[in-house]
Structure formats: C-alpha cells, structure tokens
Amino acid sequence: MSRRTPRVFAALLTAAALTLGACAEKSSDTTPAAGGNSPAASFPATVGKLTLTKRPEKIVSMSPTATEMLFAIGAGKQVTAVDDQSNYPAEAPKSDLSGFQPNAEAIAGKIPDLVVLSNDTNKIVDQLTKLKIPVLLAPAANTLDDTYRQITDLGTLTGHPTEAADLTKRMKDDIAKLVKDLPQRSEKLTYFHELGPELYTATSKTFIGSLYALAGLENIADASDADGKAMGYPQLSQEVIVKADPDFVFLADTRCCQQSPDKIKARSGWAGLTAVKNNQVVALDDDIASRWGPRVVDQVRAIVDAVAKVPA
C-alpha cells in the first residue's frame with residue numbers, strides 16, 4: 001500500500017468530522033464580510049464556544065493547513081509546536097506529535113494555551129478539554145468561504161484580526177484576477193484529479209473540486225459518486241477513466257507516490273487519452289493540492305495556467 005492511501009482515508013475521516021456539529025469548539029459559522037474596516041485585536045476573544053481571555057503564546061497546531069494559516073497572518077512566533085505533517089513554512093516548529101493519531105498527553109506536554117485541530121480523531125477534543133486546554137476545531141473546508149472564515153477566526157483568537165482580514169482580501173482578489181480572463185467555451189473541458197496511483201479521486205462536491213469549477217472544468221468522477229456513499233472520494237477503474245477520456249489529468253501524487261506525466265503515459269491504455277496526447281497531464285504539489293489554506297491561490301493558478309493554454 002502506498003503512502004497516499006492512508007492520506008485518502010484521512011481525508012474521508014476529516015470530511016466526516018464536518019458532520020459532528022456542536023461536539024467541539026468549532027470555527028464560527030459567520031462568513032467574514034468582504035472589505036470594510038479591519039477589526040482591531042482585543043481580548044477576551046471569542047470564536048464559537050471558545051473564549052480566550054488573553055493572547056495565546058504557546059499555540060500547538062495539529063493541522064498542516066492551520067499551521068500555514070497561522071504563519072500567514074503573522075502568528076508564527078506564537079506557535080511553539082506543530083504536528084509531524086506540518087512541513088510549511090520551513091520555520092514551523094515541527095515536532096513528533098502525530099496528526100493522524102493525536103495523543104492528548106503528548107500535546108499537553110507542550111503546555112499549550114491553544115490547540116488547533118482539523119479533526120476529532122480519538123475524541124481528542126474531549127480529552128484536551130478535560131485537561132483544561134483550549135481547543136479550536138477547524139475542519140476541512142468545503143468551500144473557499146470556509147477557508148476565509150477559518151483564517152478570520154484564527155486572526156481573532158491570536159490577536160491578528162487585521163492581518164487575517166488583509167490575507168483573505170488578498171486571496172479573494174488574486175483568485176478573481178486569475179479566473180476573470182479565462183476564455184468562454186461552448187463545451188466544458190473535462191478532468192481527472194488523481195489522489196494516488198490506486199486511482200482514488202475527488203468529485204466536484206469536495207473542496208478541491210470546487211476550485212476546478214472556478215476554471216469551468218467538468219469532473220469525470222462525479223457520476224461515480226452520484227449517491228455520495230464515497231463522501232466525494234471515489235476510486236475509479238482504469239476502464240472508467242479511459243472511456244471518459246479527460247482533457248486533463250491533474251496529478252496530486254507526484255511527491256508521495258512519484259507519479260509523473262511519463263509514468264501516466266506508460267499505464268495500460270492511457271497513452272491514447274486526450275490529456276496524454278496533448279501534453280495536458282499536470283503535475284501538482286501534493287501538499288498544496290490537499291490543503292485549504294493561503295496557498296489555495298497557487299492551486300487555482302496551476303489549474304488556470306493549464307486551462308488557458310487550450311484554445312477556446
């Protein structure tokens with residue numbers, strides 16, 4: 001089994017966490033307003049059911065996406081430890097804390113005054129709450145609005161609301177500029193987003209799927225999870241992919257599984273795909289493609305750059 005398969009299952013578990021509702025101090029449900037006056041830092045600060053009486057100075061991030069958000073809003077110096085999957089930015093204080101199997105005692109050993117999680121594996125929220133450790137649950141985003149909301153919430157809790165507001169505005173502006181000049185097409189281009197060589201993928205109902213929709217692309221995997229039983233992450237067969245003949249293949253398994261356009265071409269039946277024949281197999285950065293933080297802009301750019309090369 002490749003390293004990618006556990007990551008796919010982790011994605012499914014994270015998606016399931018979205019349904020847990022009020023079981024934890026979740027990121028707030030209020031979408032931040034675009035524009036307007038930037039808020040000022042103030043404490044006590046409240047997000048959902050979580051209130052911090054003073055600015056946290058020993059933050060533990062158990063989510064690679066949250067780690068990226070925290071550093072992007074200027075709260076990096078307040079982060080004292082991150083999980084073993086948080087590899088960006090380079091200065092993040094990486095530790096041996098497991099993001100896949102979080103351990104309350106190990107986290108508590110870092111003496112945090114705020115822990116940020118993306119899922120409630122092993123009921124870690126209850127365990128940390130019993131230890132009187134403040135916890136923010138910022139689950140996997142379904143939409144870009146979820147991303148902006150989480151950045152705003154982290155800004156509120158860390159004392160960086162102005163920086164958070166500036167970041168979300170910049171992201172919105174950048175994405176709008178990227179997609180506005182794409183040519184209008186009479187027929188949508190199609191794509192396959194590869195999570196791993198086992199051919200797990202993501203449908204349009206997922207966060208990554210929504211980014212492709214911004215570029216006007218049609219997902220060949222949607223019919224394979226029409227009933228939603230795969231929670232947006234079905235496994236396709238080679239036959240289904242070859243029959244669908246996508247215009248693009250986007251590889252989100254280049255680092256984990258060493259996949260490449262050449263390896264795709266060598267697969268049985270794939271050399272005849274439109275995506276392969278037209279050199280439209282796009283190698284993505286696995287980490288960027290699997291997260292919903294500030295580098296979402298880079299992901300949209302990679303998609304738009306590929307689409308813009310195809311004549312309308």
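Q299 is a good place to start: this residue lies in helix α12. In this predicted model, Q299 has a relative accessible area of just 2%, so it falls under the 20% cut-off and counts as buried. Setting aside the neighbours within four places in sequence, Q299 is in contact with I208, L211, Y212, L284, I288 and A289. One of these partners, I288, sits 11 residues away along the chain, and the two C-alpha atoms are separated by 6.5 Å.

Three of the names on that contact list, I208, L211 and Y212, lead straight to another helix, α7. The buried residues of α7 are F207, I208, G209, L211 and Y212. What lies over them? The cover includes α5 (144-158), β7, β9, α11 (286-290) and α12 (296-308). Some of the spacing in such a list can be read with a simple rule: an α-helix has 3.6 residues a turn, so residues three or four places apart point the same way. After α7 comes G216, and its phi is positive, near 75°.

Y212 also belongs to a story about rings. The count of aromatic pairs comes to five. In one of them, Y191 and F250 meet edge-to-face, with 6.2 Å from centre to centre and 75° between the planes. Y191 is in strand β7 (residues 190-194) and F250 is in strand β9 (residues 248-251), so this pair ties together parts that are 59 residues apart in sequence. Both Y191 and F250 are buried. F250 has a second ring partner in Y212: here the centres are 4.8 Å apart and the planes are at 55°, so the pair is tilted. This pair, too, links distant parts of the chain, with Y212 in helix α7 (residues 207-214) and F250 in strand β9, 38 residues apart. Y212 is buried, as is F250. Put the ring pairs together, and Y191, Y212, F248 and F250 are linked into a cluster.

Rings also turn up alongside charged side chains. R267 lies over the face of W270, at 4.6 Å from the ring centre. Likewise, R295 has its charged end over the ring of Y88, 3.7 Å from the centre of that ring.

Next come two residues found in loops. Q78 is in the loop between α2 (64-72) and β4 (79-82). Is Q78 buried or exposed? Its relative accessibility is 3%, so Q78 counts as buried, the cut-off being 20%. The Q78 side chain makes a polar contact with the side chain of H160, at 2.6 Å. Beyond residues up to four places away in sequence, Q78 touches R55, P56, E57, K58, I59, T158 and H160. A40 is also a loop residue, placed between α1 (4-17) and β1 (45-47). With a relative accessible area of 64%, A40 is over the 50% cut-off, so it counts as exposed. A40 and T156 are 116 residues apart in sequence, yet their C-alpha atoms are 8.9 Å apart in space.

The structure holds one disulfide, and its partners are C256 and C257, with an S to S distance of 2.5 Å. A disulfide is a covalent bond between the sulfur atoms of two cysteines. The angle about the S-S bond is -90°, and the link of C256 and C257 is left-handed. Both cysteines, C256 and C257, are buried.

Stepping back to the whole chain, the model has 12 helices and 10 strands. Of its 312 residues, 52% count as buried. Among contacts with a separation of 6 or more, 66% come from residues 24 or more positions apart.

How much confidence does the predictor give the chain? The mean pLDDT is 90, and 88% of the residues reach 70 or more. Two stretches fall well outside that picture. Over residues 1-24 the pLDDT stays under 50, and the model has 44 contacts beyond four places in sequence for this stretch. Residues 30-36 also have pLDDT below 50, with eight contacts in the model beyond near neighbours in sequence. Where pLDDT is low, the predicted coordinates should not be read in detail.

Notes. Residues numbered from 1 in each chain as written. Predicted model: local features only at pLDDT ≥ 70, side-chain atom pairs only at ≥ 80, totals over all residues. Heavy atoms only, no water. Helix = DSSP H or I, 4+ residues; strand = E, 2+ residues; numbered from the N terminus. Buried < 20%, exposed > 50% of the residue type's maximum accessible area, 1.4 Å probe, protein only. Polar contact = N/O pair within 3.5 Å; in protein donor to acceptor, adjacent residues only side chain to side chain. Contact = heavy atoms within 4.5 Å. Phe/Tyr/Trp six-rings, centres within 6.5 Å; stacked < 30°, edge-to-face > 60°. Lys NZ or Arg CZ within 6 Å of the ring centre and 35° of its normal. pLDDT = per-residue confidence, 0-100. Disulfide = S-S within 2.5 Å.
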